[in-house]
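Could you walk me through this structure? I'm new to it and would like a relaxed tour, a piece at a time.

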Amino acid sequence: MMTALSRTAGARGPVAALRDNRAAWAFGVLIVTWIAAIAFAKGFDSVSSVRYLTQTAAFLGIVAVGQTLVIMMSGIDLSVSGVVALSAVVCAQVAAGSGGPAGVAVALVASLLVGLANAAGVTWLRVPPMVMTLATGTIVAGALLVYTNGSPKSAKVPMLASLANDRVAGVPLAFVLWLGITAVAAWLLHASRAGRWVFALGNGERASRASGVPLARTAFIAYGACALLAGVSGLVLLGFTSTSSLTMGNPYQLLSIASVVLGGTSILGGRGHVLGTVAGALLLTLLTALLAAWNVSEGVRQIVLGLLIIALLLAYARERRS
């Protein structure tokens with residue numbers, strides 16, 4: 001299969017291959033935007049600014065990598081915001097009584113269970129992914145409200161604080177963690193049998209079933225990994241802020257999807273690369289910081305983000321129909 005793809009790319013030539021490489025375009029736009037930020041705003045050329053942007057982009061990027069796995073198979077996960085909050089809140093609650101390691105373990109297990117519930121609903125109950133994941137996210141939000149009585153605890157977990165704030169050779173450890181997760185996801189998607197199943201389902205469920213692709217197993221892998229990574233992001237956020245909130249995951253629901261789409265992955269599935277998601281998350285973080293530097297209000301920032309997502313969705317849907 002890879003040989004055939006290589007021959008096709010060679011037949012088109014390097015220029016055409018580059019033109020069709022959405023991940024490369026995403027990194028190109030990121031570089032141009034960063035140059036513009038340096039030229040038209042103060043502080044974006046400093047090392048400390050780069051470190052802070054890569055550190056905060058990691059929180060979004062970890063969630064977006066998991067979202068990529070689901071979107072690539074023509075799914076979507078709207079429960080990630082709830083899972084981010086679930087992980088941080090549960091860890092803080094448990095850590096307050098049983099210690100940090102126990103809190104981390106319970107939080108990750110709880111996150112994974114949400115992903116498995118999503119997969120079960122999508123595959124066994126045949127509930128559309130958007131409806132299923134929105135429902136589980138709502139259930140998680142309600143359960144957290146009951147669990148905490150509306151007052152989630154704060155907790156300083158040393159291992160999470162180190163993971164979120166320390167550096168390795170000057171590079172934020174959170175960014176290193178994100179790159180490591182991206183490397184594993186890239187192998188899973190582009191070099192494993194499960195990845196071939198994901199791409200096959202993204203290109204057509206009916207044909208995939210006919211060719212023997214295990215829908216249930218693939219869905220459990222993708223949705224489970226997506227929820228687990230949202231849980232990891234929640235833990236890193238807890239380490240960064242030392243506080244938990246019932247709404248701390250809300251920004252990541254649409255931002256994770258936007259990162260995937262900006263990175264060149266088709267919202268309809270079957271096409272894209274996880275490396276593009278890295279560029280998408282960095283680009284969104286940079287744009288948010290740039291708009292904030294220009295004193296653009298939060299409302300206008302949300303409008304800009306929404307219009308950007310709509311424009312990309314329309315462009316990819318038109319391409320898929322053609």
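Here is a tour that takes in a helix, a few loops, the nonpolar cores and the spaces between the residues. Keep in mind throughout that this is a predicted model.

Let's begin with helix H14, which covers residues 274–293. With 20 residues at 1.5 Å each, H14 should span 28 Å, and its end C-alpha atoms are in fact 29 Å apart, so the two values agree. Is H14 mostly covered or mostly open? It is mostly covered, since a residue counts as buried under 20% relative accessible area, and 14 of the 20 residues in H14 are buried.

Step just past the end of H14 and you meet Asn 295, which takes a positive phi of about 60°. Val 296 sits in the loop that links H14 to helix H15 (298–321). If you skip its neighbours within four places in sequence, Val 296 is in contact with Leu 291 and Arg 301. For a sense of distance across the model, try Leu 112: it is 184 residues from Val 296 in sequence, and the two C-alpha atoms are 37 Å apart in space.

Asn 295 has company when it comes to phi. Arg 126 has a positive phi near 60° despite being a residue other than glycine. You'll find Arg 126 in the loop between helix H6 (100–123) and helix H7 (129–148). Its relative accessibility is 47%, so Arg 126 counts as partly exposed. Ser 242, not a glycine either, has a positive phi of about 60°, and Ser 242 belongs to the loop between H12 and H13.

Now for a loop residue that is tucked away. Phe 44 lies between helix H3 (22–40) and H4, and because its relative accessibility is 6%, Phe 44 counts as buried. What does Phe 44 touch, once residues up to four places away in sequence are set aside? The list includes Trp 34, Ala 37 and Ile 38, then Ser 49, Val 50 and Leu 53, and also Leu 286, Ala 289, Leu 290 and Ala 293. Trp 34 is 10 residues from Phe 44 in sequence, with 7.8 Å between their C-alpha atoms.

Next, move to helix H9, home to two neighbours worth setting side by side. Gly 180 is in H9, and with a relative accessible area of 36% Gly 180 is partly exposed. Ile 181 is in H9 too, but at 14% relative accessibility Ile 181 counts as buried. Apart from neighbours within four places in sequence, Ile 181 is in contact with Ile 62, Val 65, Leu 229 and Val 232. Ile 181 and Gly 61 are 120 residues apart in sequence, yet their C-alpha atoms are 9.6 Å apart. Gly 180 and Ala 37 are 143 residues apart along the chain, and their C-alpha atoms are separated by 27 Å.

What about the nonpolar interior? In soluble globular proteins, nonpolar side chains tend to be buried together. Here the largest nonpolar core holds 81 residues, and the members that touch the most others are Cys 91 and Trp 178. Beyond the residues up to four places away in sequence, Cys 91 touches Gly 103, Val 104, Ala 107, Val 157, Leu 160, Leu 235 and Leu 238. There is also a second, separate core of 7 residues, with Leu 78, Ile 257, Val 261 and Ile 267 among them.

Finally, look at the empty spaces. The largest cavity has a volume of about 50 Å³, and its lining is made up of Leu 69, Leu 188, Leu 189, Ala 194, Gly 195, Val 198, Thr 218, Ile 221 and Ala 222. Helices H9 (173–191), H10 (193–203) and H12 (215–241) each give two or more residues to that lining. By class, the cavity's lining has 7 nonpolar residues, 2 polar and no charged.

The second largest pocket holds about 760 Å³ of space. Its lining counts 29 residues, and Pro 251, Leu 255, Leu 284, Thr 288 and Glu 298 are the ones nearest its centre. Two or more lining residues come from each of H4 (47–72), H12, H13 (252–262), H14 and H15. Which element gives the largest share of this lining? That is H15, with 7 residues. The pocket's lining divides into 19 nonpolar, 8 polar and 2 charged residues.

Notes:
Residues are numbered from 1 along each chain as its sequence is written. This is a predicted model: local features need pLDDT of at least 70, side-chain atom pairs count only at pLDDT 80 or more; totals for chains, interfaces and linings use all residues. Side-chain values use heavy atoms; hydrogens and water are left out. Helices (H or I, at least four residues) and strands (E, at least two) are DSSP runs, numbered from the N terminus. The expected span of a helix is 1.5 Å times one less than its number of residues. Buried means under 20% relative accessible area, exposed over 50%, partly exposed in between (1.4 Å probe, protein chains only). Contact means heavy atoms within 4.5 Å. On a 1 Å grid over the protein atoms alone, a cavity is a set of points where a 1.4 Å probe fits but cannot get out, and a pocket is an open set with protein on both sides within 12 Å along at least five of seven lines; lining residues have an atom within 4 Å of a point. Grid points are joined across faces, edges and corners, and a volume is the space filled by probe spheres set on the points. Ala, Val, Leu, Ile, Met, Phe, Trp, Tyr, Cys and Pro count as nonpolar, Asp, Glu, Lys and Arg as charged, and the others, Gly among them, as polar. A nonpolar core is a set of buried Ala, Val, Leu, Ile, Met, Phe, Trp, Tyr and Cys residues joined through side-chain atoms within 4.5 Å.
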